[in-house]
Every structure is written in structure tokens, then in C-alpha cells.
Amino acid sequence: MQPRQFPLPLVCASPADLERFHPGPNRAAWERVAEAALAGGILYLWGAAGSGKTHLLQGACHRAAQAGRRAAYLDLADPACRSEAALEGLERMDLVCLDGLEHVAGNRAWEGAALLLLDAAGRGGGVIAASRAPLAGLDLALPDLRSRLAWGGVYGLEPLADDELAEALRLHAEARGIELPREVARFLLARHPRRLDRLVDLLARLDRESLAAGRRLTLPFVRDLLGP
């Protein structure tokens, strides 16, 4: 499988956009990712599932593509992306985003290919890598890879507070052209896991249901769908 490349323009129903990422306590990471999307460099992001890593990586690719830069995104949860062959040719990209580094940690052949990619980034390209594990705790086979990944900065993503989650969800709704009332956002946060990725999936379901029913996302409508 080829890495997902982001052409210009990016055609996507709800593209990850850095402008629609609510940084909350993660503003420094957000600003550095936005900079790397256009200027290159090496970054490492880590955080729990649902902390926004994928949004930042895909948003960086989206911004790079909008600026006419060549960008590629690899989801390392996909087994097809875990061989060193998946990295072939990526040194010619202006930006490469590697999502889910924990899936390939310890794979010496893949790590060796990644080192070559990082060498290219040191000559003007960009690599942003992300994992659920902090860099010091990632079980890498090659110590040189750990040191290279730390060159441009290591950022741990902190969870959002409830009001920040509500604002992040509103931004995702806005990207879909949905008006999300505050009382609906509070209802969702009170009754569902406080993970933005799960809430965004739920929002997509509600969007489909509201379109099918010809209804707006009011609190009574959402309660009818999800229960009191």
C-alpha cells in the first residue's frame, strides 16, 4: 500500500485542518506543528488515544499541500505501512508524517529506513512523528533514531478540559456545516467518553441521522436518538 499523499487541493469530506484544532493546553505543540508544515524540521508528539495527534499530523499535511508542498501521511496502525519499503521515496517529500510509531518500535529494518528519512529532513525536509508513548519510553532498537527524533522538539499532548472539549467539538461541527448548540455539546460530554476522536465519530453519526430526518441537532432530537 502506498502512503497516503495529500495532493493539492485535498479532497476530503471533513479534512483535518490546523485552524480547526482547539489547542487548549497544547498551544506550543500546535504552533510548532504549523511551523514545521511549511518550514520543515523534525518533531515528536506523544499522548493518549484521542489526544489529537492524528488531527495535528493530517492537519500539517493539509497545510503543506495548500502551500504547494509535497506531503505524505502514514498510518502505522496499518500493517501495510510497517515495512521499510513503505518509506521508499519519501525522502523526496517536503513533509512526512508518521502516525503510531509504537507499532514499529523494535523493527530494526524499519527504524534503519526511518533514520535515512530523518537524514533527508535534516537537509531541509520535515518529519513529524507521533506515538502514544513518550520518546524516552518508546522501545526502539536503534538509539540513534531516538536522538534524531528529539532534534526538533518533543511535545506531550495533555487532555482537554470539558469546556475545551466542547469548543473542539464545535469546531469539528463547524467544519461539517453543523450548528452544534451548547446544550447538545454538554449532553454529549456528560453521557459519552471524554475522548475527542470518539465524540467526533458520534458527531458524524448524528449528522447523518439529522440529514436523513431533515432535523436540526436540537437537544430533544439528540435525546430521541441516544436516549435520555
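Visitor: Which residues is Asp 207 in contact with, leaving aside its neighbours within four places in sequence?
Guide: Asp 207 is in contact with Arg 176 and Ile 178, once those sequence neighbours are left out. Keep in mind that this is a predicted model. The residue itself lies in helix α7, residues 196-213.

Visitor: Why is Asp 207 called buried?
Guide: Its relative accessible area is 12%. Buried means under 20%, so Asp 207 counts as buried.

Visitor: And what makes Pro 159 buried or exposed?
Guide: The cut-off for exposed is over 50%. Pro 159 has 70% relative accessibility, so it counts as exposed. You'll find Pro 159 in the loop between β6 and α5. Its C-alpha atom is separated by 9.9 Å from that of Ala 49, and the two are 110 residues apart along the chain.

Visitor: How about Leu 57, buried or exposed, and how do you know?
Guide: Leu 57 has 0% relative accessibility, and under 20% is what buried takes. So Leu 57 counts as buried. Leu 57 lies in helix α2. Beyond four places in sequence, Leu 57 touches Leu 45, Tyr 73, Cys 97, Leu 98, Asp 99, Ile 128 and Ala 130. As for Pro 159, its C-alpha and that of Leu 57 are separated by 17 Å, with the two positions 102 residues apart along the chain.

Visitor: Leu 98 came up there. What does Leu 98 touch?
Guide: Not counting residues up to four places away in sequence, Leu 98 touches Leu 57, Leu 74, Leu 76, Leu 87, Trp 110, Leu 117, Val 127, Ile 128, Ala 129 and Ala 130.

Visitor: Which members of the largest nonpolar core touch the most other members?
Guide: That core has 30 residues, and Leu 87, Leu 98, Leu 101 and Leu 149 are the ones that touch the most other members. At least two residues each come from β2, β3, β4, α3, β5 and α4. Helix α3 supplies the largest share, seven residues. There's also a second, separate core of 23 residues, and Ile 178, Leu 189, Leu 196 and Val 222 are among them.

Visitor: Which residues of α3 are buried?
Guide: In α3 the buried ones are Trp 110, Glu 111, Ala 113, Ala 114, Leu 115, Leu 117, Leu 118, Ala 120 and Ala 121. Their cover includes β2, β4, β5 and α4. The helix has 14 residues and reaches 20 Å from first to last C-alpha, close to the 20 Å expected at 1.5 Å a residue.

Visitor: How do you know that the span of α1 agrees with what a helix should give?
Guide: Take the 13 residues of α1, residues 27-39, at 1.5 Å a residue: they should span 18 Å. The end C-alpha atoms are 18 Å apart, so the span agrees. The buried residues of α1 are Ala 29, Trp 30, Arg 32, Val 33, Ala 34, Ala 36 and Ala 37. They pack against β2, α2, β4, β5 and β6. Just after this helix, Gly 40 takes a positive phi of about 85°.

Visitor: What makes the span of α5 agree too?
Guide: With 14 residues at 1.5 Å each, α5 should span 20 Å, and its end C-alpha atoms are 20 Å apart, so that agrees. Buried in α5 are Leu 165, Ala 166, Ala 168, Leu 169, Leu 171, His 172 and Ala 173. The buried residues of α5 pack against α2, α6 and α7. Gly 177 follows α5, with a positive phi near 80°.

Visitor: Why are α6 and α8 called roughly parallel?
Guide: Their packing angle is about 25°, with the axes 9 Å apart. Angles under 35 degrees count as roughly parallel, so α6 and α8 fit that label. From α6, the contact uses Glu 183, Val 184, Phe 187 and Leu 188, and from α8, Leu 219, Val 222, Arg 223 and Leu 226. By class, that makes six nonpolar, no polar and two charged residues.

Visitor: Last one: how do you know whether Ala 185 is buried or exposed?
Guide: Ala 185 has a relative accessible area of 4%, and the buried cut-off is under 20%, so Ala 185 is buried. Ala 185 lies in helix α6. Outside four places in sequence, Ala 185 touches Ala 166 and Leu 180.

Terms used
Residues are numbered from 1 along each chain as its sequence is written. This is a predicted model: local features need pLDDT of at least 70, side-chain atom pairs count only at pLDDT 80 or more; totals for chains, interfaces and linings use all residues. Side-chain values use heavy atoms; hydrogens and water are left out. A nonpolar core is a set of buried Ala, Val, Leu, Ile, Met, Phe, Trp, Tyr and Cys residues joined through side-chain atoms within 4.5 Å. Buried means under 20% relative accessible area, exposed over 50%, partly exposed in between (1.4 Å probe, protein chains only). Helices (H or I, at least four residues) and strands (E, at least two) are DSSP runs, numbered from the N terminus. Contact means heavy atoms within 4.5 Å. The expected span of a helix is 1.5 Å times one less than its number of residues. Axes are lines fitted to C-alpha atoms, for helices over the stretch in contact, and angles run from 0 to 180 degrees between N-to-C directions. Angles under 35 degrees count as roughly parallel, over 145 as roughly antiparallel, 65 to 115 as roughly perpendicular and the rest as oblique. Ala, Val, Leu, Ile, Met, Phe, Trp, Tyr, Cys and Pro count as nonpolar, Asp, Glu, Lys and Arg as charged, and the others, Gly among them, as polar.
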